[in-house]
There are 2 protein chains.
Amino acid sequence: MRTSEFPLQTLKETPADAEIVSHRLMLRAGLIRKLAAGLYTWLPLGLRVLRKVECIVREEMDRAGALEVLMPAVQPAELWQESGRWDQYGPELLRFKDRHERDFCFGPTHEEIITDLARNEIKSYKQLPVNFYQIQTKFRDEIRPRFGVMRAREFLMKDAYSFHLDESSLDETYQRMYETYCRIFRRCGLDFRAVRADTGNIGGSDSHEFHVLAASGEDAIAFSNASDYAANVELAEALPPAGPAPLPAEEARLVATPGVRTIAELVESFGIPIERTVKTLVVAAAAEYGGGLIALLVRGDHALNPVKAQKLPQVAKPLRMATEPEIRAAIGAGPGSLGPKDLPIPCIADRSLAVLADFAVGANIDDKHWFGLNWGRDLPLPELADLRNAVDGDPSPDGQGTLTIARGIEVGHIFKLGRKYSAAMKAQVLGEDGRALTMIMGCYGIGVSRLVAAAIEQHHDERGICWPTAIAPFEVALLPLRADKSYRVREATERLYAELKAAGIEVLLDDRDVRAGVMFADMDLIGIPHRLVVGDKGLDTGQVEYKARTAAEPQLVPIAEILGFLRARLSTA
Amino acid sequence: MRTSEFPLQTLKETPADAEIVSHRLMLRAGLIRKLAAGLYTWLPLGLRVLRKVECIVREEMDRAGALEVLMPAVQPAELWQESGRWDQYGPELLRFKDRHERDFCFGPTHEEIITDLARNEIKSYKQLPVNFYQIQTKFRDEIRPRFGVMRAREFLMKDAYSFHLDESSLDETYQRMYETYCRIFRRCGLDFRAVRADTGNIGGSDSHEFHVLAASGEDAIAFSNASDYAANVELAEALPPAGPAPLPAEEARLVATPGVRTIAELVESFGIPIERTVKTLVVAAAAEYGGGLIALLVRGDHALNPVKAQKLPQVAKPLRMATEPEIRAAIGAGPGSLGPKDLPIPCIADRSLAVLADFAVGANIDDKHWFGLNWGRDLPLPELADLRNAVDGDPSPDGQGTLTIARGIEVGHIFKLGRKYSAAMKAQVLGEDGRALTMIMGCYGIGVSRLVAAAIEQHHDERGICWPTAIAPFEVALLPLRADKSYRVREATERLYAELKAAGIEVLLDDRDVRAGVMFADMDLIGIPHRLVVGDKGLDTGQVEYKARTAAEPQLVPIAEILGFLRARLSTA
């Protein structure tokens, strides 16, 4: 392509409302334009990237034996009522009525539709297992769409749904999808981690998320420096500390702490090391445990992990923090002055608290804290549980190495759904013995449009995007220097252009009448991974200048060798 | 592919609610399944066809220099309010509110969105002309969706929009799109006609529809047997008859015709040739012509053409038929007893009436007709106009040959939009002289999913679909006979399968354990254009049996020659 046939729509200004780098760069490079909140038009340059990702996803799903279908975006309410999600799903589900006042929604996902298809089409165990997928436009009415296509309302997704007779067949397909996802993200040139994840509201028994590592990621993931252990911080176990608690060195004392409501204030005003403070958080208790309230304790420098907390049998589901009036009524002090000593409600402590000595906690009296407390001597050690988020340097739960906490952008998610939908919607087949069996399901999603943004978050520098070659809109940028003044440059550029095109290389020839600096800046901004510059100076010695987008310096390459030179770089990219 | 990896989902029964052949065959062949009224899931086999059509459309649009974009399906009301269509568009426009109670619609078309994009992105005449297209899911809330994907609510469409500085640039792109559409439909293997069409409500000055010829088509199109003249019957001129009227042979007489209300009854009861009867239709008159009613006359065997009628200055827009009370109040007789003699309202006659003699008309008295009337002698000849649909055998309006009327299915439509949207939405560029100019637009649509159904309407027989090779789900069906009993058949089939696949031929190997008759019937039903049968008998002489889907008889071909044999057929298909 030439820029005269394929005009660039780069912007000089950074759009004001773009909060993250991928959003800014997608706007500046002319990949997308905003239509309304959470709705984006893909411009020609951006669409080339989107289609490349789509193509990789399709090739790998096909290779894994999945069957591509295309389901409607508009879905009838009846099926969602059958599964129970019509009422459960929040306002993210865009509901509307058609002209006959029948209820429909714009599908954010397709479990109901595919389960309906499967119960109609799959009658016998002989038709199992089967894995259907589609690459299709979805809608989720986010309350606050932001970050461009990263958290858009309308987005392109690959969703797959598999059907099985038994768990071992599901395990097999799940494992194949796991490997397929690894292939897809690897082919896209992304540094990613597959992590164990919470199955959340979607139900089911096993789940992995695939995260592209990037500092701007919304999720924290924990992975070992010595093994392939990786998990969402929501799930990563924080192992119990090794060894016994140190011996007490201080006396317990009740101290007036006027105005101190937070750990930070306690540390600052009294110089207590934060590792010797304890946070007391109060939540609603499970009805089976008498209802009321229960206190959860974590070290002052640790964060309560709500997913772990909610899994405790004593805790009400969903997790609900107690209000200040509730706390005052039950304990007689405000939320900033609580602690485990003489606490009138049940209490569970994170396991790391077991090795604390001489620690400080609220006294359950406003403006008073206990300092120098020790378990056993001053108060009993509460029941222990894993309640906190793992942190950098924690030992890895698999016993190998220590954990690193990194930020990740979730681009894929695989689930074992079990019979959640097939039971609710009576998706049954006849088994080998002629009895009706409810099918077991798995589901497997990739955020195709989100992946484009995630790739940019991981691959950019201060000048713009640095596409991995496999998903770059063009592989090679071809820039003639002062073409208007030099017949030789024009002629050599055209010859190279024809040669590269004939070799099947996707080349963008910049034939605009602009200064070299503008060409360089634009090509860096849009992130073409390989750049060739044709100039009179190089041509004097039969050479052109090559520079990889991510290289510091250009190098000269003889024109006669350029094709082989590029091919080697394109195949290893 | 093997049927074990790519299961067929054919049905033995013809679905009850499918009214047209393509709908029946798409269900029976397992191409689509209904989710709800006008909403269909594309099964793997159908999706392969849809993607092939999509791919041909994309290649040809790219070849024509159009730039692919992808706009959201969900569109904000504000832009539709700007163009005025939010209120004009009927209930086919699916409107809804998002969670913040803002108005949106599911786009049935994208003029507003692309015009908004263009006014933001295109600032200078130097950026013109440009032609953006997308292949994208649309929604039209049809009151009575039917005929499967032919008239579905959710459908796949290619829509393109071009922007220009002047008419001549629009003409050029329009012509290129015309040729591109011809290439697309030709490549899809379709017998089609490009016909002049009415521009209707979308506005603009010039328009062609592309029709796939099929007896089940909803549109009537007229084309010459001696030239390339072709037009929608809505538009095809019915030329004035040659020569003068015959001389009167009968006396005018008022006849009692009790109960006769229609032309058919008149012909049946009184034996009058239908060509000597006149239909009198009463419509609302234009306010500029005093309002009230006006009568339109056509020959008894002709049909009033409402598009032509509405174009008469005397007729109110939109065309509205008068009610019986209105007619009685103005004329004193019911709608079945009207005629031009002594008619108290104005009257315009189709030009073919000028050569009538001894004709019969209502007498404007209930249950009375005039027989044997003649212009001049008994009543004055009214004003004449072209009011009727052209019929088979009419002279072609271009003076060459006669017209044939055929049924067509509209699969494409190109329009010169002019400034309808760009003026309403102020889409301007700076011209060469620095002045702001409103851009001129064209738009170009293809119903991609509808085209699949239209291809079946044109290409089928009593056994099933007969795909043109270019859009067939597979090119070759490979059927082993009694593979379970013959190692030789299995081995030869596998070798052929590997050979064809390696040659890039899309082959479907039927490895089901079913009778030959079932294989043959299924492959005929799903319409694979080329069939190879491997059996022991043929192998005795080193041959396999080849049959084209549309051929009457199979033929034997030596295995060694099969690749070249198929290649020749695939390239000419």
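**Close-up views of salt bridges and symmetry**

Over all chains of this predicted model, the count comes to 114 salt bridges, a salt bridge being a side-chain nitrogen of Lys or Arg within 4 Å of a carboxyl oxygen of Asp or Glu. Local features need pLDDT of at least 70, and side-chain atom pairs count only at pLDDT 80 or more, while totals for chains, interfaces and linings use all residues. Side-chain values use heavy atoms, with hydrogens and water left out.

**View 1. A salt bridge between strands β7 and β8 of chain B.** B:Asp159 pairs with B:Lys138, their closest N and O atoms lying 3.1 Å apart. B:Asp159 belongs to strand β8 (residues 154-164) and B:Lys138 to strand β7 (residues 130-139), the two being 21 residues apart, where strands are DSSP runs of E with at least two residues and helices are runs of H or I with at least four. Both B:Asp159 and B:Lys138 are buried (under 20% relative accessible area, with exposed over 50% and partly exposed in between, for a 1.4 Å probe and protein chains only).

**View 2. A salt bridge between B:Arg463 and B:Asp524.** The N to O distance is 2.7 Å, and the pair joins the loop between β24 (460-461) and β25 (464-465) to helix α13 (residues 516-526), 61 residues apart. B:Arg463 counts as partly exposed because its relative accessibility is 33%, whereas B:Asp524, at 9%, counts as buried.

**View 3. The relation between chains A and B.** A rotation of 180° with 0.0 Å of shift along its axis superposes chain B on chain A with an RMSD of 0.1 Å, by least squares on the C-alpha atoms of residues with pLDDT of at least 70 in both. This is the relation of a two-fold axis, and in chain B the C-alpha nearest that axis, 2.9 Å from it, belongs to B:Phe96.

Key. Residues are numbered from 1 along each chain as its sequence is written. Chains are lettered from A and ligands numbered from 1 in the order in which they are written.
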